[in-house]
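Here is a report on a two-chain model. Start with the sequence and the structure, then read on.

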Amino acid sequence: MVAFLIRRLGQAIIVVVGVSLIVFLITHMLPGSPARAILGIQATPEAVRKFNAANGYDKPLFVQFFVYWKHLLQGNFGFSYKQDLPVRTLIATHAPKTLLLVGLGFFFAFVVGIPIGLWQAVHRNRVDDHLLTSLSFVGYSMPVFWVGMLLIWLLAVANHLFPAESPSAATVGQVLQHPLSLVLPVATLTFVEAPGVVRFMRSAAIENLAEDYVRTATAKGAPRFRIVLVHVLRNSLLPVITLIGLTLPLVLSGSIVVEKVFNYPGMGLLMWTAAQTRDYPTLLGGAIVIGVATVVGSLLADVLYAMVDPRVRYAR
Amino acid sequence: MTQQATAVTPADVSQEPPRRLLAPRATSRLRAMGRWCRDHKLGFAGLVMIVLLTLFSFVGPLIYHTDQVHTNLTAVNLAPSLKHPLGTDNVGYDILGRLMEGGQSSLEVGFAAALLASGIGTLWGAVSGYVGGWVDALMMRVVDSAFAIPPLLLLLLVGTIFTPSVLELIIVLGLVSWLITARLVRGDSLSLRTREYVQAAKGAGARNPRVVLRHVIPNALGTIVVQTTFEVANAILLLASLSFLGLGPAPPAANWGAMLSNGLNYIYAGYWWQIYPAGVAIVVTVLAFNMLAESVRDSFATRLIHA
């Protein structure tokens, strides 16, 4: 286990450096120069020179990369000149709200998706299996924003069941004070994530149903529901865990769109607003945080997997 | 946006080289295609949908003439009628005509971006798996790193740097979509490089680039074709999301995502015709490519079982 942890951690660190390199290089693709992008085209050459000297942009690229890393390690993600706040503050206030949204979305996707996948595996190749497969197919072909729009249309405009917009809350606590306004954004994320869970669960359960231990349990006279709900369910949950790490980047992409549709004040909306106002420091700082969060997320999923399934640890 | 995840479900990514899809002679080739359509109703349905969508987008405007360049402020937000079967939008564009225009850009960009992504991913993956060792490790960590940044976030970043033209959109979408292909082809390449015929080619004096291009990549073609089809669906979805966020091509260029983003502004006014058509168009298109890809993947998998 220790060897596995070290190897996997080493990989994760390399990937984090890679992510930072990509974001760093994008910084240098900014129109003109970072100075021009931040100070604007009207800035005098003198102001640009001062800005470059102050931020170390006059040094060679690899030196800048090290300085950039030093800042990152110190928790300095840059300064948003548009919002007049350190990027770190912006991220600290927005990230928890996205974590809440994405976490709830995943939770309900599993709550909905696991029973359906299991049901399909047990009823494999029957009418209800085909029907549910078709439905999940349509489900994962739907764009996130359209799902959100349909939910707004059906549940907020045509029937006034839930509010269509999230409160502009500053903290997670304030968001939670309006639980009804969370319903539609979370439902949207659930709707787009659940089909993936269903498909993974179905194929994992089908594989497990063919295993020897199922035959043994049947031979021992264990009731069918016990075999399915205890043995097969437990063993099929394993690959589903990996789905969290695997789909995290896509889910975060989806949450940018969901936050835009529902005006939910999380990282996604922060990034979208930053893109609209060309607030580069916020965009780049946010990209680093989201990239690192993704790496850590899939690392945790892998470690969790290795903890429950020893075979993973020994496989190269 | 979960197709990418389902595209890498472990069980169906085969390490074996796929057999040739079609028999050599033309007549038997046609017959083989007919047989494939009969055996894979899902894929056949997807194929028919793609053909119909292409006709709708490219032949449709030749029959159904609308002005998709000049706005018409005397005919804004009209409900569906005989003159405008799907109504008009907030600047007076006919929505049916705009759907056709949007279909053109979706299909063009989707295809081109997917081909580009496959090209990059195939080369990257084939070389990585074939060379192995630290080169492989390095190349795959690059893939991991790029994979960790959500594609839409990368597009958002790039979208702020410049307003993309169609060609630039294709390039950008291609550049964020090659990662899964690279991983899958690398997997194939890892096992292919130990095959006898690859060893034989090397023994006969073939240089590495030739071995990769003539022996490794052609034998990973099954994986590549399937993944490219999935990528078309993904690229169309990404393009729609990007346009929805206001970072797609500028008007009067038509796009399904931008149409929906407009519709969202009028959702409280109850203009349902600005919500349904474009959404349905996206779902049908993406679904068609996913169905086709799934079917082709199944047919490769079953042939392997029978082989």
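## A helix between two chains

The buried residues of H5(B) pack against parts of both chains: helix H1 (2–27), helix H11 (224–262) and helix H13 (280–308) of chain A, and helix H4 (95–131) and helix H8 (179–192) of chain B. This is a predicted model.

Which residues of H5(B) are buried? They are Asp136(B), Met139(B), Met140(B), Arg141(B), Val143(B), Asp144(B), Ser145(B), Ala146(B), Phe147(B) and Ala148(B). An α-helix has 3.6 residues a turn, so residues three or four places apart point the same way. H5(B) itself has 16 residues. From first C-alpha to last, H5(B) reaches 23 Å, close to the 22 Å expected at 1.5 Å a residue.

## The two chains

The table sets the chains side by side.

| Chain | Residues | Buried | Helices | Strands |
|---|---|---|---|---|
| Chain A | 316 residues | 50% buried | 14 helices | two strands |
| Chain B | 307 residues | 55% buried | 13 helices | zero strands |

The C-alpha trace of chain A spans about 85 × 55 × 30 Å along its principal axes. Take the contacts in chain A with a separation of 6 or more: 73% of them are accounted for by residues 24 or more positions apart. For chain B, consider contacts between residues at least 6 apart in sequence. Of these, 74% join residues at least 24 apart. Read from the N terminus, the elements of chain B run α-α-α-α-α-α-α-α-α-α-α-α-α.

## The interface

How many residues does each chain bring to the contact? Chain B gives 53 residues and chain A gives 58 residues. Between them the chains bury about 5000 Å², with 78% of it on carbon and sulfur atoms.

Polar links come next. Eight residue pairs are in polar contact between chain B and chain A, counting pairs with both residues at pLDDT 80 or more. The rule finds one salt bridge across the interface. Arg199(A) forms a salt bridge with Glu294(B), and their closest N and O atoms are 2.9 Å apart.

Which helices of chain B each supply at least two residues of the side that touches chain A? They are helix H1 (3–7), helix H5 (133–148), helix H6 (151–161), helix H11 (221–244), helix H12 (256–265) and helix H13 (276–306). H13(B) provides the largest share of that side, 11 residues. By type, the residues of the side of chain B that touches chain A divide into 36 nonpolar, 13 polar and four charged.

Conventions:
Residues are numbered from 1 along each chain as its sequence is written. Chains are lettered from A and ligands numbered from 1 in the order in which they are written. This is a predicted model: local features need pLDDT of at least 70, side-chain atom pairs count only at pLDDT 80 or more; totals for chains, interfaces and linings use all residues. Side-chain values use heavy atoms; hydrogens and water are left out. Contact means heavy atoms within 4.5 Å. Buried area is the accessible area (1.4 Å probe) that two parts lose on being put together, summed over both. A salt bridge is a side-chain nitrogen of Lys or Arg within 4 Å of a carboxyl oxygen of Asp or Glu. A polar contact is a pair of N or O atoms within 3.5 Å; within protein, one must be able to donate a hydrogen and the other to accept it, and residues adjacent in sequence count only if both atoms are side-chain atoms. Helices (H or I, at least four residues) and strands (E, at least two) are DSSP runs, numbered from the N terminus. Ala, Val, Leu, Ile, Met, Phe, Trp, Tyr, Cys and Pro count as nonpolar, Asp, Glu, Lys and Arg as charged, and the others, Gly among them, as polar. The expected span of a helix is 1.5 Å times one less than its number of residues. Buried means under 20% relative accessible area, exposed over 50%, partly exposed in between (1.4 Å probe, protein chains only).
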